[in-house]
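Here are my comments on the model you sent round. They are set out as numbered points, starting with the chain as a whole and ending with the charged side chains.

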Amino acid sequence: VKIEVDMTPIRQTRWTGHLRRFLVGGLVTVATGLVARAFGPVIGGLFLAFPAIFPVGVAMIQKLENQKVGPGTRGDHARRATVAEAAGASMGSAGLLAFALTAWLASGSVDMLVALGIASGLWAVVAVTVWTTRRYLMSS
Amino acid sequence: VREVLVRFLVGGVFVSAFALLGDFFKPKSFAGLFAAAPSVALATLILTTLTRGSAYAQVEARSMVGGAFAFFIYTTGLCWYLHRHGGKTLLVVAVWIVAWAGMAAGAWVLWLRPS
């Protein structure tokens, strides 16, 4: 399977969809800070991987996919798209784990902001490697 | 108030940027990788480092390991459930957050809780 760049979903998504993601992202970041302030960094840190953005993305996928197909197959088409999105997120969570481990362990020896840079790079490498490996194993 | 506003704006920009990046790609499962992007974490840890210092941010990053493991269980379980049983997708997506909370609580009890 080839990875393609497709601009269609961005053009199809209304500005309210992008605004919703911005608002949710901002609110979740504020909420994470408030949780850390109220309960301390140990509990606050857990919420850095809280799945708050994922349901918003799924809601947007549902809307787009339901627009594409007729009323008869609406639910099925959107559900299949959600399963694919969740499968990708599941593989991506290996990258998320690598990000957290790197930020935690590397910040002991380098500056935290440098550690976050390294962790971000590693997130991308691990996520893409897991996705590519799974595709390869499925096709062979 | 100023800190809350800065957190809101930075968080919104990071989340939107990663989500837009995910929108660009096909197939859907590859785009899904960006649903697990560390957007909120990156925004929060940068701001925490600048306002409260590296040691505080390091404690948050350690806890995030537990949260990320819970996220893996959430997305994997959700994917399996929808594939096998179907149901109202958005409701299933929302209800499975309980699984994330359970795993995160487990990580706190077994590993993160100060003894």
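The points below deal with the fold and surface of one chain, then with the salt bridges and one unpaired acid.

1. The model is predicted, and everything that follows should be read as a description of that prediction.

2. Chain A holds six helices and one strand. The strand comes at the start, since the pattern read along the sequence of chain A is β-α-α-α-α-α-α.

3. The radius of gyration of chain A is 18 Å, against a value near 14 Å for a compact globule of 140 residues. The C-alpha trace of chain A covers about 55 × 40 × 25 Å along its principal axes.

4. Of the 140 residues in chain A, 48% are buried. Taking contacts in chain A between residues at least 6 apart in sequence, 55% are between residues at least 24 apart.

5. Chain A has an accessible surface of about 7,000 Å², and carbon and sulfur atoms account for 66% of that area. As to charge, chain A carries 13 positive and 6 negative charges, and the mean positions of the two sets lie 6 Å apart.

6. How many salt bridges does a search of the whole structure find? Over all chains, the search finds three salt bridges. As general background, side chains of opposite charge can pair when their charged atoms come close.

7. One of the salt bridges pairs A:Arg21 with B:Asp23, at 2.6 Å from N to O. The pair joins two chains, because A:Arg21 sits in helix 2 (residues 15-39) of chain A and B:Asp23 in helix 1 (residues 2-24) of chain B. Are these two side chains buried or exposed? A:Arg21 has 6% relative accessibility and so counts as buried. B:Asp23, at 15% relative accessibility, is buried as well. The cut-off for buried is under 20% relative accessible area.

8. A further salt bridge is formed by A:Arg37 and B:Glu3, whose closest N and O atoms are 3.3 Å apart. This pair also joins two chains, since A:Arg37 belongs to helix 2 of chain A and B:Glu3 to helix 1 of chain B. A:Arg37 counts as exposed, at 53% relative accessibility. B:Glu3 is partly exposed, its relative accessible area being 33%.

9. B:Glu3 also meets B:Arg7 in a salt bridge, with an N to O distance of 3.5 Å. Both residues are in helix 1 of chain B and four residues apart, so about one helical turn separates them. B:Arg7 is buried, with 9% relative accessible area. Salt bridges thus link A:Arg37, B:Glu3 and B:Arg7 in a network.

10. Which side chain of opposite charge is nearest to A:Glu85? A:Glu85, in helix 5 (residues 74-106) of chain A, is buried but has no salt bridge, and the nearest side chain of opposite charge is B:Lys28, 5.9 Å away. A salt bridge requires a side-chain nitrogen within 4 Å of a carboxyl oxygen, which is the limit to set beside that distance.

11. The surroundings of A:Glu85 come from both chains. Setting aside neighbours within four places in sequence, A:Glu85 contacts A:Phe54 and A:Ile61 in chain A, together with B:Lys28, B:Ala31, B:Gly32 and B:Ala35 in chain B. B:Lys28 is therefore listed among the contacts of A:Glu85 under the contact limit of heavy atoms within 4.5 Å.

Conventions
Residues are numbered from 1 along each chain as its sequence is written. Chains are lettered from A and ligands numbered from 1 in the order in which they are written. This is a predicted model: local features need pLDDT of at least 70, side-chain atom pairs count only at pLDDT 80 or more; totals for chains, interfaces and linings use all residues. Side-chain values use heavy atoms; hydrogens and water are left out. The radius of gyration is taken over C-alpha atoms; the globule rule is 2.2 Å times the number of residues to the power 0.38. Buried means under 20% relative accessible area, exposed over 50%, partly exposed in between (1.4 Å probe, protein chains only). Accessible areas come from the Shrake-Rupley method with a 1.4 Å probe; for residues, only the protein chains shown count as cover. Lys and Arg count as positive and Asp and Glu as negative; His and the chain ends are not counted. The place of a charge is taken as NZ of Lys, CZ of Arg, CG of Asp or CD of Glu.
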